[in-house]
Amino acid sequence: QVQLVESGGGLVQTGDSLTLSCAASGRTGGWNTAGWFRQAPGKEREFVAAMRWSGTTTNTADSVKGRFTISRDRAKNTVHLQMRSLKPDDTAVYYCTSTGRGLIWSSMGRPEEYEYWGQGTQVTVSS
């Protein structure tokens, strides 16, 4: 089992920056792919970004490309999501997720490919 705990969410204004973190514990040797999804009220869960733990492959959704960056800290078993130029449309609960499999780029955007999920952290962007 892998436990994921997100942090860093909050209330910000349009144009602000925010960094989310996801700390993993448990069988962390098995989390080969980690990523972020988000879900706004009344909407389906949406892919944001993901990366192979090796760093060889990264996938970022078109809706956030150029503004959001995913990265990892190997020593701390932590994945970060740096968010810049935030917009009200970015308001959502952000979920960290992982799988013990090394996903290919085209599979990273599918939530059914992931086994482990955090509880989520709320990000609210005011206009």
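**Charged residues, from a pocket to a buried threonine**

Let me begin with the lining of the largest pocket, whose residues divide into three nonpolar, three polar and eight charged. I should say at once that what we have here is a predicted model, so please hear everything that follows as a description of that model. The pocket itself has a volume of about 170 Å³, and of the 14 residues that line it, those closest to its centre are Arg38, Lys43, Glu46, Asp89 and Asp90.

With that in mind, let me turn to charge pairs. Side chains of opposite charge can pair when their charged atoms come close. How many salt bridges does a search of the whole structure find? The search finds seven, and I will go through some of them.

The side chain of Arg38 meets that of Glu46 in a salt bridge, with 2.8 Å from N to O. Are these two partners buried or exposed? Arg38 counts as buried, because its relative accessibility is 6%, and buried means under 20%, whereas Glu46, at 31% relative accessibility, counts as partly exposed.

A second salt bridge joins the side chains of Lys65 and Asp62, at 3.2 Å from N to O, and here Asp62 counts as exposed, with a relative accessibility of 66%.

The third one I would like to show you is between Glu113 and Arg101, whose closest N and O atoms are 3.0 Å apart. Both Glu113 and Arg101 lie in the loop between strand 9, residues 92-99, and strand 10, residues 116-117, so the pair ties together parts that are 12 residues apart in sequence. Glu113 counts as buried at 15% relative accessibility, while Arg101, at 40%, counts as partly exposed. Beyond single pairs, salt bridges that share partners join Arg38, Glu46, Arg67 and Asp90 into one network.

Now, Arg101 also leads us to another residue, Thr33. Where does Thr33 lie? Thr33 lies in strand 4, which covers residues 33-39, and with 0% relative accessibility Thr33 counts as buried. A polar atom of the Thr33 side chain lies 2.8 Å from the backbone oxygen of Arg101, so please note that this contact uses the backbone of Arg101, whereas a salt bridge uses a side-chain nitrogen. If we leave aside its neighbours within four places in sequence, Thr33 is in contact with several residues, among them Met51, Arg52, Thr97, Arg101, Leu103 and Tyr114.

To close, I would ask you to find Arg101 once more in the structure, as a partner of Glu113 in a salt bridge and as a contact of Thr33.

Technical notes:
Residues numbered from 1 in each chain as written. Predicted model: local features only at pLDDT ≥ 70, side-chain atom pairs only at ≥ 80, totals over all residues. Heavy atoms only, no water. 1 Å grid on protein atoms, 1.4 Å probe; cavity = no way out; pocket = protein on both sides within 12 Å on 5 of 7 lines; lining within 4 Å. Points joined across faces, edges and corners; volume = space filled by probe spheres on them. Nonpolar A, V, L, I, M, F, W, Y, C, P; charged D, E, K, R; others polar. Salt bridge = Lys/Arg side-chain N within 4 Å of Asp/Glu carboxyl O. Buried < 20%, exposed > 50% of the residue type's maximum accessible area, 1.4 Å probe, protein only. Helix = DSSP H or I, 4+ residues; strand = E, 2+ residues; numbered from the N terminus. Polar contact = N/O pair within 3.5 Å; in protein donor to acceptor, adjacent residues only side chain to side chain. Contact = heavy atoms within 4.5 Å.
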